[in-house]
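Got the viewer open? Let's take a walk through this one, stop by stop, and see what each selection brings up.

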Amino acid sequence: MIGASISRWTMSYFATALAWLFVALALMVAGFGYPATHLASPDTLVLVHVVCIGWLSVAMCGALFQFVPVLVAKPLFSEKWALPALSLLTAGLAALLVGFLGLGGRLPAWLWLLPIGAVLLIAGFGLVVVDLGLTAWLRPVGPARFVLAGLASLCATAAFGAIFAFADAGWAGSIGQSVLTTGVPLHAIAGLGGWLTLTAMGVSYRLLSMFMLSPDVDERKSNMTLAAGALAIGVAVVGGVVAIWFVSGLNVVLSITAVLGLATTALYGRDVIGIFSGRKRRQLELNTRMAALSFASLAGTALVGVVLVLTGAFAAYLGAFAFLAIFGWLSGLVLAKLYKIVAFLTWLETYGPVMGRAPTPRVQDLVSEARASKWFVIYYAAVWFGTLMLMASQPSAFRAAVAMMTVGLIGIVREVIRTRRLADVASPVRLPDGACAPHLLFARN
Ligand code: HEM
């Protein structure tokens, strides 16, 4: 990544994403949405999209604007699209949320806001997909293929979401209504399994090897993992559309998807173990240790999923299963990597221009891992406790767990802001001649 150009708006994406994560946690602490209301209730839809679009998708887009050019060793197709895309995503999400609140009777029923939100979100995601797709398409090597599969899944997710939004507003006719009645699991699988999980897997291969000084994962192995993952999503989306069309077979499609999803998780686990065992850096940095907890959460999610399916209890515990996948696996990984990416980019931005001309600190001098580790541990412990409390149907204890997650998150965000402000760098090397202090919310380039 050294020598790569710095994406100007990645920090703005991260800040926006973290703000939405705080909103989601505050809603859960207040008892808004699941488990106080059922999973498909409008309140839960608000919560789900604050987390899935506001937090995870925005953070992922911000990371990809920085990393796709690094993965393919080519400049981003257009740096200028990143900020308009963020504005469209934010406006689209806000419209969608107000529409959901109207659907649930908390606000006037301005259901036309749902299709408007969908169009704005499609415009925002469209800019991201075209920009990143055109960058990665020209050199689709290794992890970039995962990103391309993730972006294709994002298109499928947005297409389903838009049909639902038009149908909820009564603008999609009978076909739209039947897609809405049966297609929600397909939208969720394409979004969480395809877009977020496949992309996170691809980016994690590169980041883990880079930060642990490991050889890149054997391409034949990662291709096999990708093939299983892409097939899972392909079966869900194509098979799902066929099943909706013929009004039968959706359960078969979902079962095949589940088996392929499990195989993908197992293959990914094998690849990650390979990267860990081939590492040259024996002492693991905090971001890698914390990423390992997110891998444990992914393994836990797979295990819980298998046990629930075998005992016929999957539908009853779907909320706990999704919570562990979203906050343990995806959010845990994003937080761990965001902590390191911010340090790395801040270091590059501040000290890259004066390297060789003045003494500079190491990347690790920008962070205090001993202080930050306790906040991550609080976060993960709270997520696992929260999952158990959802399973045990203890809503008050669940809210306490989310309050604990919020405490962990406040601590992590405080550390990230300190990194950005170079607060932990000793003064003689903090700002050598010719170096500029970075701006909190965007890169100066
Ligand atoms: C263009 C963007 C999107 C739009 C317009 C959209 C719209 C919708 C709508 C209208 C529903 C509710 C369907 C109903 O009335 O039952 C829904 C459900 C859902 N969406 Fe999205 N969505 C979008 C993106 C995403 C993304 C990126 C994810 C995940 C990464 C996601 C995850 C979900 C999930 C999990 C549900 C089911 C929630 C539940 O039943 O509690 N959505 N979406």
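## Around the ligand

Start by selecting the ligand and the shell of residues around it: sorted by class, that shell has 21 nonpolar, seven polar and one charged residues. Bear in mind that you're looking at a predicted model.

Now, which residues come nearest to the ligand? Show side chains for Cys 52, Gly 161, Phe 164, Ala 188 and Gly 191, which come nearest out of the 29 residues around the ligand. Next, colour the elements that give two or more residues to this shell: helix H2 (42–72), helix H4 (113–137), helix H5 (143–168) and helix H6 (173–212). Keep H6 highlighted for a moment, since H6 gives the most to the shell, with eight residues.

## Zooming out

Switch to cartoon for the whole chain. How many helices and strands are there? You should find 13 helices and zero strands. Trace the chain along the sequence and the pattern reads α-α-α-α-α-α-α-α-α-α-α-α-α. The radius of gyration is 21 Å, close to the 22 Å that the globule rule gives for 445 residues, so the chain is as compact as a globular protein of that length.

Want a box around it? Taken along the principal axes, the C-alpha atoms fill one of roughly 70 × 50 × 45 Å.

For a last stop, colour by burial: buried residues make up 51% of the 445 in the chain. Then draw the contacts with a separation of 6 or more; residues 24 or more positions apart account for 78% of them.

Technical notes: Residues are numbered from 1 along each chain as its sequence is written. This is a predicted model: local features need pLDDT of at least 70, side-chain atom pairs count only at pLDDT 80 or more; totals for chains, interfaces and linings use all residues. Helices (H or I, at least four residues) and strands (E, at least two) are DSSP runs, numbered from the N terminus. The radius of gyration is taken over C-alpha atoms; the globule rule is 2.2 Å times the number of residues to the power 0.38. A residue is buried if 20 or more other C-beta atoms lie within 10 Å of its own, exposed if 12 or fewer, and partly exposed in between; C-beta atoms are placed from the backbone. Two residues are in contact if their C-beta atoms, placed from the backbone, lie within 7 Å. A residue is near a molecule or strand if its C-beta atom, placed from the backbone, lies within 6 Å of it. Ala, Val, Leu, Ile, Met, Phe, Trp, Tyr, Cys and Pro count as nonpolar, Asp, Glu, Lys and Arg as charged, and the others, Gly among them, as polar.
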